[in-house]
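Me: Got a minute to go through this one with me? Let me pull it up.
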Amino acid sequence: MSGELSPIDKAKFVAAKRAVDFVEDGMRVGLGTGSTAAWMVRCLGELVREDGLRIKGVPTSSRTAELARDCGITVVSLDEARWLDLTIDGADEFDQDLNLIKGGGGALLQEKIVATASDQMIVIADVGKEVEHLGHFPLPLEVIPFGWQTTQALAEEMLISMDVLGRQSSLRMNGAAPYVTDEGNYILDLHLNRIGNARQLAMVLNQIPGVVENGLFIDICDKVVVGFGDGRVEVR
Ligand code: 5RP
C-alpha cells in the first residue's frame with residue numbers, strides 16, 4: 001500500500017499503521033481528517049477487507065466519509081454510534097503535554113466533537129509536528145459567515161487585550177472564494193507565533209459571538225504516535 005514514499009509520507013504512514021494496532025474488533029472508531037488520517041483509514045480498510053475486522057467508523061468530514069466507504073469500512077453517524085471507543089486523527093502541532101492545534105484541513109469542528117465523544121483519542125503525526133510551544137502553525141477559528149469581519153475584529157481586539165504576540169488573522173480562501181467548512185462556516189487563521197496560555201485562549205475565543213469553535217485541543221488527546229522518515233515509530 002505504501003510503495004515508494006517520501007520521508008514525510010513514510011513518517012505519516014508508519015504512525016498510522018502503528019495506531020491501528022489499538023483498534024479492536026467491535027469498536028466504534030472516530031476517523032480523523034487529513035493526509036495522515038487518510039493513511040489510517042486505508043490501513044483500517046485493509047484490516048476490514050483482509051482480516052475481517054468489524055468496526056463502525058464515524059468520519060469527521062465528508063472527505064473522510066467518502067474514503068472510508070471506498071475502503072470498505074461501515075460508516076455510521078455520531079448520533080447512531082452515540083459514544084466511541086477510540087478516535088484516531090492527525091494534528092498540525094502537538095506539545096509535550098499532548099495539547100494540539102488542529103484544523104489545518106478545515107475539519108476542526110467535527111474533529112473536536114468526535115474526539116470529545118470518545119473514550120480515547122490517539123493522534124498520529126510525523127515528528128515535524130512536535131513543538132515546544134503551540135502557535136507557530138496558524139490557529140484555525142471556525143466562524144459563521146454572518147458578520148465574519150466583525151467577528152474577526154473582535155478576535156483581534158481580544159488577542160491585543162490578552163497580550164498575545166501575533167494578532168494578525170486571515171480568512172482562509174479556496175481560490176477566489178472563502179473556504180467553506182462541511183457545516184457551511186468560514187475559517188479565520190490566527191497568526192499568533194507562540195501561544196502562552198493555550199487553555200485560557202481556547203476558552204476566551206469561544207466566548208466571542210460568531211465563533212463556532214477553535215482549533216486548540218486541550219486535554220483531549222491521550223496518546224501521540226509519532227512517525228519518523230526512516231520508518232521508526234514512538235508512542236508518547
Ligand atoms: C484537519 C486536521 C488534520 O488532522 C491536520 O491538519 C493534519 O493534517 P495532515 O495529516 O494532512 O498533516 O486537523 O482539520
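Reply: Sure. One term before we start: two strands count as paired if DSSP finds at least two bridges between them. Also, this is a predicted model.

Me: OK, so what stands opposite His191 in β12?
Reply: That's Gln168. Its strand, β9, pairs with β12 (residues 186–191) in the antiparallel sense over 4 bridges.

Me: In what order do the 4 strands of that open sheet come?
Reply: The order is β9-β12-β8-β13, with antiparallel pairing. The edge strands are β9 (168–171) and β13 (211–214), each pairing on one side only. On average, neighbouring strands are turned by 25 degrees against each other, direction ignored.

Me: Which helix lies across β8, β9, β12 and β13?
Reply: Helix α6, residues 148–161, and it runs at about 25 degrees to β12.

Me: Switching to the ligand. Which residues come nearest?
Reply: Of the 18 residues around the ligand, Gly34, Thr36, Gly90, Gly104 and Gly105 do. Two elements give two or more residues to that shell, α2 (35–51) and α5 (108–116).

Me: And which one gives the most?
Reply: α2, with 3 residues. By class, the shell has 4 nonpolar, 10 polar and 4 charged residues.

Me: How do α1 and α2 cross?
Reply: Their axes come within 8 Å and cross at roughly 45 degrees, which means α1 is oblique to α2. The crossing is right-handed.

Me: What meets what there?
Reply: On the α1 side you have Lys12, Phe13, Ala15, Ala16, Lys17 and Ala19, and they meet Ser35, Thr36, Trp39, Met40 and Cys43 in α2. That contact divides into 7 nonpolar, 2 polar and 2 charged residues.

Note on methods:
Residues numbered from 1 in each chain as written. Predicted model: local features only at pLDDT ≥ 70, side-chain atom pairs only at ≥ 80, totals over all residues. Near = placed C-beta within 6 Å. Nonpolar A, V, L, I, M, F, W, Y, C, P; charged D, E, K, R; others polar. Axes fitted to C-alpha atoms, helices over the stretch in contact; angles between N-to-C directions. Parallel < 35°, antiparallel > 145°, perpendicular 65-115°, else oblique. Left-handed = near helix turned anticlockwise from the far one by under 90°. Contact = placed C-beta atoms within 7 Å.
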